[in-house]
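The following exercises are to be worked through with the sequence and the structure at hand. Each task is followed by a solution in steps.

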Amino acid sequence: MTSVTQPSRPDRLRRDLQLLSSLIPVGSRVLDLGCGHGSLLRHLQAERGCTIQGVEIDDESVLTAIQRGVPVIELDIDYQLNNFDDRAYDVVVLSRTLQAVRRPKEVLLEMARIAPTIIVSMPNFAYWRNRLGLLSGHAPRSKDLPYAWYDSPNVHFGSLTDLEALFAELGLTVQRCLPLNTAGHRSAFPAAWRNWFAGAALYELTGQRMTAAAD
Amino acid sequence: MPAPVPDPTSVGLVAPQNVRLFTPDHPLTLARGGRLDHVEVVYETYGRLTPEKDNAVFICHALTGDAHAAGFREGSDKPGWWDNLIGPGKPVDTTKFFVICPNLLGGCQGTTGPGSVNPATGAVYGLDFPILDMADFVTVHRALTAHLGIDRLLAVVGGSLGGMQVLEWALRFPADLANAVIVAASSRLTAENIAFSAVAREAIMRDPGFRGGHYAEAGTSPDMGLSIARMMAHITYLSGEALSAKFGREPQFDGLAPGFGVDFAVESYLHHQAEVFLDRFDALSYLYLSRVMDYFDPFARPGATAAIAEVRPNVLACSFTTDWRFDATHSLRLVARLHGAGVPVTYRSIPSSQGHDSFLMPIPRYHDTIRAFLDRGLAVREGERR
């Protein structure tokens, strides 16, 4: 599944992905779920010396990733993550895709099993512009949510507050939260206001459950 | 026979070559014991080897394949078995790659096998031929590669049993290859797979003409057994969907005439497949080669992935949605094992209605994938040269 809120440019790394890559320690083993053309992974390999692996299900994206030398496994994030071993990676990334998977809970738990560190980003459906959109009687559309209601790949409509509640329920600890503005930069507003003023947010999480088991 | 029509995407006229790779001074020691003092290998090549000898792609054929993978042999208008994949402008592009395809050890299309004459006795080996292992195929492939003066292959490519050879090669000698393409293959046959193979072998060995494998001396031939083996196996290479689409319940002749002869079109098709097969395949080779597949279980070896985890060649694995002989779980298993060893793996599940035989079909998504993977390998090699 390609990252479904913003099209990725082939040559320049999207700003939010630049920010995301800065969270990943040099030399990490990284799995990117919904890697698209593999731009983030290529960047991580070239600039941060990471060992990379992508997962993608869109035909054109898979082919592009192969052409660019990104190893990519074509499988369904919702049902086939069991193909990865426990702790096979240092970091597993799910960028702007959680709102489009069918079973977000199961996907997050699988991610926590596969790697000790999870990085998730998701558009915020409670962003103020989206709230205004709803008040004016329309399904929200914005840079982070560019689709018309009838052809959106997004199937879950959550706010950052909702998302954080889900993390807590699943025993995932937020190590870092970077609220983003609609240009993909860090939001200039105080983090506490993120559910109103961030178009999306980037979370670095650790899986409490697995850490406890490892100890 | 008419001359083949000039086709810019065909490698054109090809001729098999022959080389003696093992001799009494330099015998082939087999993985399961025993040795062969004489091994000859028939192979074909297409395209040109670069002066650096770094553009070679090695093709491993499947159970009933041969060295004739592409182009046309003199006097024949039938192209090689993987002609849709190999040729100028095709995914295995012979304007870029030097392609090598040998007949397997144990085969019956020119390379030494159980149907060959044992020079020590002057008689056909028959069941005295040693039991083979996937590792033996790789040993012979490596000897051919060395004979051609190639240190490192740009890629090794194979489907079904061919893909299993690629896997074995990549696991045992990962430094030999930069890229591995494993299509519709398996790292471990299931009980069901072995059961089908077993019935095929039983059909051959219970044929009165088999004569304990000495049918050549006896002047007989287990044609009936080999036919039944082929007909049954052929069903497993297709899909229910493909058979229905091709034949449905159509009668072979004007209308159905209930009885026990060939009446449905699908029956006639199977008979035809068996006929054609008898002309080109040997029962002993069928036994030996199919048995190698049954025993193949490379990840069960201690330290199976130690070597490949060091070298980390790029691996591409593909399965096809309607392949029930080696369905996606087979490919996903080997992908998970390689991936667990830190090998960069690309895996695709290719939608197709044509079952296991899909690997021989020009399916655009499949061919585009192989093309992209090999072209990337070429680009990386060019980067290494600079």
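Domain bounds, as used below, come from an automatic or database domain assignment. The model is predicted.

**Exercise 1. State into which domains chain B is divided, and describe the contact between them.**

Solution. Step one is to read off the bounds: domain 1 of chain B comprises 13-189 + 297-385, and domain 2 comprises 193-292. Step two is to place the domains relative to each other; over C-alpha atoms, their centres are separated by 26 Å. Step three is to count the residues in contact: domain 1 of chain B supplies 27 residues and domain 2 of chain B supplies 22 residues. Step four is to sort the side of domain 1 that touches domain 2, where 13 residues are nonpolar, 11 polar and 3 charged.

**Exercise 2. Determine how compact chain B is for its 386 residues.**

Solution. Begin with the secondary structure of chain B, which consists of 11 helices and 16 strands. The radius of gyration of chain B is 21 Å, and the globule rule gives 21 Å for 386 residues; chain B is therefore as compact as a globular protein of that length. Along the principal axes, the C-alpha atoms of chain B fill a box of roughly 70 × 50 × 50 Å. Next, consider burial: 49% of the 386 residues in chain B are buried. Finally, consider the contacts in chain B between residues at least 6 apart in sequence; 72% of these join residues at least 24 apart.

**Exercise 3. Identify the residues that touch the most other members of the largest nonpolar core, and trace the origin of this core.**

Solution. The largest nonpolar core holds 163 residues, and Val57(B) and Ala155(B) touch the most other members. By element, helix 8 (residues 283-295) of chain B gives the most to this core, namely 8 residues. By domain, at least three residues of the core come from each of domain 1 and domain 2 of chain B. To complete the picture, list the neighbours of Val57(B): leaving aside residues up to four places away in sequence, Val57(B) touches Val92(B), Phe97(B), Val99(B), Leu153(B), Leu154(B), Ala155(B) and Val157(B).

**Exercise 4. Examine the length and burial of helix 10 of chain B.**

Solution. First, test the length. Helix 10 (residues 328-340) of chain B has 13 residues, which at 1.5 Å a residue should span 18 Å; the end C-alpha atoms are 18 Å apart, in agreement. Second, assess burial: because 10 of the 13 residues are buried, helix 10 of chain B is largely enclosed by the rest of the structure. Among these buried residues are His330(B), Arg337(B) and His339(B). Third, look beyond the helix, where Gly342(B) follows with a positive phi, near 85 degrees.

**Exercise 5. Apply the length test to helix 5 of chain B, and state what covers its buried residues.**

Solution. The 15 residues of helix 5 (residues 223-237) of chain B should span 21 Å at 1.5 Å a residue, and the end C-alpha atoms are 21 Å apart, which agrees. The buried residues of helix 5 include Leu226(B), Ile228(B), Arg230(B) and Tyr237(B). Their cover includes helix 3 (191-205), helix 7 (265-280) and helix 8 of chain B.

**Exercise 6. Describe the contact between chain A and chain B.**

Solution. Count the participants: 15 residues from chain A and 21 residues from chain B. Of the side of chain A that touches chain B, the largest share, 5 residues, comes from helix 3 of chain A. That side divides into 7 nonpolar, 5 polar and 3 charged residues.

Definitions and conventions. Residues are numbered from 1 along each chain as its sequence is written. Chains are lettered from A and ligands numbered from 1 in the order in which they are written. This is a predicted model: local features need pLDDT of at least 70, side-chain atom pairs count only at pLDDT 80 or more; totals for chains, interfaces and linings use all residues. Two residues are in contact if their C-beta atoms, placed from the backbone, lie within 7 Å. Helices (H or I, at least four residues) and strands (E, at least two) are DSSP runs, numbered from the N terminus. Ala, Val, Leu, Ile, Met, Phe, Trp, Tyr, Cys and Pro count as nonpolar, Asp, Glu, Lys and Arg as charged, and the others, Gly among them, as polar. The radius of gyration is taken over C-alpha atoms; the globule rule is 2.2 Å times the number of residues to the power 0.38. A residue is buried if 20 or more other C-beta atoms lie within 10 Å of its own, exposed if 12 or fewer, and partly exposed in between; C-beta atoms are placed from the backbone. A nonpolar core is a set of buried Ala, Val, Leu, Ile, Met, Phe, Trp, Tyr and Cys residues joined through C-beta atoms within 7 Å. The expected span of a helix is 1.5 Å times one less than its number of residues.
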